[in-house]
Amino acid sequence: MAQPNYTKVLLNGWQSILMFALLGLVLALIISFVQPLRYSSTARLLILQDIGSSVDAYTASRAEERIADNLSTIIYTSTFFDQVMDAGFSIDEGQFPEDDSKRRKQWSKTVKATVARGSGLLTISVYNQDVVEAEQIVRAIAYVLTERVDEYTSGGSVSVQLVDEPLNSNWPVQPNVLANTLSGFILGGFVG
């Protein structure tokens with residue numbers, strides 16, 4: 001039995017491949033624009049721990065990284081959420097549901113905390129339909145972390161410093177329309 005020539009098969013069916021690719025592109029666009037467009041505001045915080053001169057620099061750096069990891073986890077808690085809302089910034093609390101489980105879910109979609117490995121840098125990104133609201137939330141998070149870090153850490157004296165002021169996006173960052181449409185086009189082509 002002769003093996004089929006795949007190039008010839010693809011060239012003969014280019015119209016249906018293109019049709020499916022365009023269909024995938026249109027579906028990806030529809031899905032992208034059904035979701036609300038969200039802007040981001042990002043701030044970076046430096047975690048410092050004064051553990052004296054008896055510890056080498058590597059151990060001190062790892063300790064600060066570990067503290068940053070702990071703080072990045074604590075940011076998603078209900079207690080931290082309440083402190084951010086009570087921090088005195090003009091944040092619209094109506095965007096978060098009254099039900100505790102739904103509020104936690106919405107809060108985890110709104111805030112993203114990451115730690116730069118090998119350092120004590122904690123990056124906080126907030127996503128919101130209003131860029132000013134996103135900035136207010138990230139400023140409130142930074143304020144709570146800098147003023148109340150002792151409530152969330154143990155051991156030596158820990159301080160948090162804001163090293164990068166909030167940087168706001170000029171364009172919506174979620175959903176990523178370009179990536180979604182490119183993926184839809186490619187996946188549609190494969191289906192075709």
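What share of the 192 residues in the protein is made up of buried residues? The model is a predicted one, and in it buried residues account for 36% of the 192 residues.

**Overall form**

The protein contains 7 helices and 4 strands. Their order along the sequence is α-α-β-α-α-α-β-β-α-β-α. The radius of gyration is 23 Å, well over the 16 Å expected from the globule rule for 192 residues, so the protein is more spread out than a compact globule. Along the principal axes, the C-alpha atoms fill a box of roughly 75 × 45 × 30 Å.

Among contacts in the protein with a separation of 6 or more, 77% are accounted for by residues 24 or more positions apart. The accessible surface of the protein is about 11700 Å². Carbon and sulfur atoms hold 57% of that surface. As for charge, the protein carries 14 positive and 20 negative side chains. The centres of these two sets are 13 Å apart.

**The nonpolar core**

In soluble globular proteins, nonpolar side chains tend to be buried together. In this model the largest nonpolar core has 34 residues, and the residues with the most contacts inside it are F80, W107, I124 and I141. Two or more core residues come from each of the helices α3 (57-74), α4 (78-85) and α6 (131-148). The strands β1 (39-50), β2 (111-115), β3 (121-128) and β4 (157-168) also give two or more residues each. Helix α6 supplies the largest share of this core, 8 residues.

Which residues does I141 touch, not counting residues up to four places away in sequence? The partners of I141 are I75, F80, V84, W107, V111, I124 and V126. Three of the residues with the most contacts inside the core, F80, W107 and I124, are therefore among those that I141 touches.

**Individual positions**

Four residues outside this account of the core can be set side by side by C-alpha separation.

| Residue pair | Positions apart along the chain | C-alpha separation |
|---|---|---|
| V173 and Y39 | 134 residues | 5.5 Å |
| N180 and S32 | 148 residues | 7.0 Å |
| D100 and A87 | 13 residues | 19 Å |
| G88 and G13 | 75 residues | 62 Å |

V173 sits in the loop between β4 and α7 (177-191). With a relative accessibility of 33%, V173 counts as partly exposed. Leaving aside residues up to four places away in sequence, V173 touches R38, Y39, S40 and Y127. Y39, one of these partners, is also the residue whose C-alpha atom is 5.5 Å from that of V173, although 134 residues separate the two along the chain.

N180 belongs to helix α7. Its relative accessible area is 28%, so N180 is partly exposed. Again not counting residues up to four places away in sequence, N180 touches A28, S32 and P175. S32, one of those partners, lies 148 residues from N180 in sequence and 7.0 Å from it in space, C-alpha to C-alpha.

Is G88 buried or exposed? At 71% relative accessibility, G88 counts as exposed, because exposed means over 50%. G88 is located in the loop between α4 and α5 (100-110). The C-alpha atoms of G88 and G13 are 62 Å apart, with their positions 75 residues apart along the chain.

D100 is part of helix α5. A relative accessibility of 29% makes D100 partly exposed. Its C-alpha atom is 19 Å from that of A87, a residue 13 positions away along the chain.

Notes
Residues numbered from 1 in each chain as written. Predicted model: local features only at pLDDT ≥ 70, side-chain atom pairs only at ≥ 80, totals over all residues. Heavy atoms only, no water. Rg over C-alpha atoms; globule rule 2.2 N^0.38 Å. Buried < 20%, exposed > 50% of the residue type's maximum accessible area, 1.4 Å probe, protein only. Contact = heavy atoms within 4.5 Å. Areas by Shrake-Rupley, 256 points an atom, 1.4 Å probe, with all protein chains shown as cover. Lys, Arg positive; Asp, Glu negative; His and termini not counted. Charge placed at Lys NZ, Arg CZ, Asp CG, Glu CD. Core = buried A, V, L, I, M, F, W, Y, C linked by side-chain atoms within 4.5 Å.
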